[in-house]
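Work through these exercises with the model open beside you. Try each task before reading its solution.

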Amino acid sequence: MSGHIFGRSTRQSPPTAQTGDGCYIIDTSGKRYLDGSGGAAVSCLGHSDPDVRAAIHAQVDRIAFAHTGFFTSDAAEELADRLIAHAPDGIDRVYLVSGGSEAVEAAIKLARQYCLETGQGSRHRVIARRQSYHGNTLGALAAGGNEWRRTQFKPLLVETSHIAPCYEYRYREEGESAFDYGQRAANELQAEIERLGPDTVMAFIAEPVVGATAGALPAVEGYFRRIREICDHYGVLLILDEVMCGMGRTGSFFACEQDGIAPDIVTIAKGLGAGYQPIGAMLCSGKIYAAIEAGSGFFQHGHTYMGHPTAAAAACAVVRALDERDLLAHVRAQGEKLDAALREAFGQHSHVGDIRGRGLFRGVELVAERGSKATFDPALGVAPKIKKAAFEAGLICYPMQGTIDGQHGDHILLAPPFIISDDQIGELVDKLNTAISAVI
Ligand code: PLP
């Protein structure tokens, strides 16, 4: 690659993004790309939202940054209040950071400090699920269960247990009800806690709807209620990672609302700043906060840019937009339309095995053969080829390989802006069809 940027790949020179126009990104050649995945489920308000831009300008004009070691800011205070107004039962405090991985690191460290300060010092183990992704920093990467991302860094990762994901299309058995399957999958957590020794287990972490690594994969009815029961029984903290699926993406402000449970700790990012600013947050229960308050009075953590006022001002404008423009109702309505359009185009396609998801968070799993659900040979590179073909056709989508085990399986993740119109849903599905036909 020319220039001095250390980009994502040394072999590719991406086009230069020049302007944003609603659901489109326009490059310096004038080519328009429909953003069918919000990058990676980030740009929920599209690329030219006037209110978010104005909020950033107004904040920068007053003060851009004041270190949280010395000050709080109106923007951070308002954002925390607005988030807690939407938060699951019991969640009461907001720790602002700059992205998803930082939010997950904070969650894991807070869980450990909570255990220490409540006299449970033997608890340190994290249980997570295979095929999850929690971020690329070492703590978050260790928690994640995606082999492709972990393999080369394994010697650096703390030991973490991984149980199976709740993946109905692949693992529900013939004759087993969805509910029974979910209970069976959840009970793996109980078995793993028992195997490790209940007084050593600190937390279980999961994405309510698995994003990048499994393609918008929700759990079946009852799964997370059973998970919550098991965590309560053993005194294990439940951390939900809503970095991708939270902030309205699935049609409810927090994704776990639809599973009927509340976590002890929840992480958000991506849609929180909607791409206008880098920001994430770790939210915890009042009970955890009270334990720290009654103990050391100090969470031994921190980053220079946590609670950044400009980022917080942008996120405030995003939350205001969700509330005041009734965008979650639009996510639910457009999500149903996107699902219907995908089923119409690909429901009978001989290489589409499953179409799934919630709200404007949808996944299409590709197969070599529908009956046997056989996957394509990973060497064919079906997902990356579809990404390239779609991009050429003017569509940004998020295909990945390794859907099943980090190696086998291909899926396409779709997470368009919440402002997507009916015509743009049609354009998205048409362009995706063009890309899939060009590759398979
Ligand atoms: N958690 C989940 C569920 C994610 O999808 C991601 C990113 O894709 C992360 C954490 C890490 O977030 P970031 O890339 O902002 O560090």
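This is a predicted model.

**Exercise 1. Two sides of a helix**

Task: Find which exposed residues lie on the face of α13 turned away from its buried side. Then work out where its buried residues sit around the axis.

Solution.
Step 1. Start with the outward face of α13. Lys388 and Glu392 are exposed there.
Step 2. Now list the buried residues of α13, which spans residues 382-392. They are Val382, Ala383, Ile386, Ala389 and Ala390.
Step 3. Check their spread. These buried residues cover an arc of only 125° around the axis, which puts them on the same side of α13.
Step 4. Recall the helix rule. An α-helix has 3.6 residues a turn, so residues three or four places apart point the same way.
Step 5. Ask what the buried side meets. The buried residues of α13 pack against β14 (361-366), β15, β16 (398-401), β17 (410-414) and α14 (422-439).
Step 6. Look just past the helix. Gly394 follows α13, and its phi is positive, near 90°.

**Exercise 2. One residue of that helix**

Task: Decide whether Ala390 is buried or exposed, and name what it touches beyond its sequence neighbours.

Solution.
Step 1. Place the residue. Ala390 belongs to helix α13.
Step 2. Apply the cut-off. Buried means under 20% relative accessible area. Ala390 has 0%, so it is buried.
Step 3. Find its contacts. Setting aside residues up to four places away in sequence, Ala390 touches Leu395, Cys397 and Ala435.
Step 4. Add a distance. Thr434 is 44 residues from Ala390 along the chain, yet their C-alpha atoms are separated by 7.5 Å.

**Exercise 3. An open sheet**

Task: Give the strand order of the open sheet that holds β15, and say which strands stand at its edges.

Solution.
Step 1. Read the order. Four strands run β1-β2-β3-β15, with mixed pairing.
Step 2. Find the edges. β1 (17-21) and β15 (395-396) each have a single partner strand, so one side of each is left without a neighbour in the sheet.
Step 3. Check the partner of β15. Strand β3 (residues 32-35) runs parallel to β15, and two bridges join them.
Step 4. Pick out a pair. Leu34 has Leu395 in β15 as its bridge partner.

**Exercise 4. From β7 to β4**

Task: Follow the pairings from β7 through β10, β11 and β12 to β4, and give the sense of each.

Solution.
Step 1. β7 (residues 201-206) pairs with β10 in the parallel sense, over four bridges. Phe204 stands opposite Leu238 in β10.
Step 2. β10 and β11 also run parallel, joined by three bridges. Here Ile239 stands opposite Ile265 in β11.
Step 3. β11 and β12 run antiparallel, with four bridges. Ile268 is opposite Ala281 in β12.
Step 4. β4 (residues 91-97) and β12 are antiparallel, over six bridges. Ala281 in β12 is the bridge partner of Leu96.
Step 5. Ask how covered these strands are. In β12, six of its six residues are buried. In β10 (residues 237-241), five of the five are buried, so the strand is largely enclosed by the rest of the structure.
Step 6. Sort β10 by face. In a regular strand the side chains alternate between the two faces of the sheet. Leu237, Ile239 and Asp241 are buried on one side, and Leu238 and Leu240 on the other.

**Exercise 5. Two helices crossing**

Task: Describe how α3 passes α11, and find what Thr310 touches.

Solution.
Step 1. Take the geometry. The axes of α3 (residues 74-86) and α11 (residues 309-324) come within 8 Å and cross at roughly 35°. The crossing is left-handed.
Step 2. List some contacts. The α3 residues include Leu79 and Leu83, and those of α11 include Ala312 and Val319.
Step 3. Sort by class. The contact has 10 nonpolar, one polar and four charged residues.
Step 4. Turn to Thr310, which lies in α11. At 5% relative accessibility, Thr310 counts as buried.
Step 5. Name its contacts. Not counting residues up to four places away in sequence, Thr310 touches Ile56, Gln59, Val60, Ala64 and Gln277.

Note on methods
Residues numbered from 1 in each chain as written. Predicted model: local features only at pLDDT ≥ 70, side-chain atom pairs only at ≥ 80, totals over all residues. Heavy atoms only, no water. Pairing = 2+ DSSP bridges. Buried < 20%, exposed > 50% of the residue type's maximum accessible area, 1.4 Å probe, protein only. Arc of directions from axis to C-beta. Contact = heavy atoms within 4.5 Å. Axes fitted to C-alpha atoms, helices over the stretch in contact; angles between N-to-C directions. Left-handed = near helix turned anticlockwise from the far one by under 90°. Nonpolar A, V, L, I, M, F, W, Y, C, P; charged D, E, K, R; others polar.
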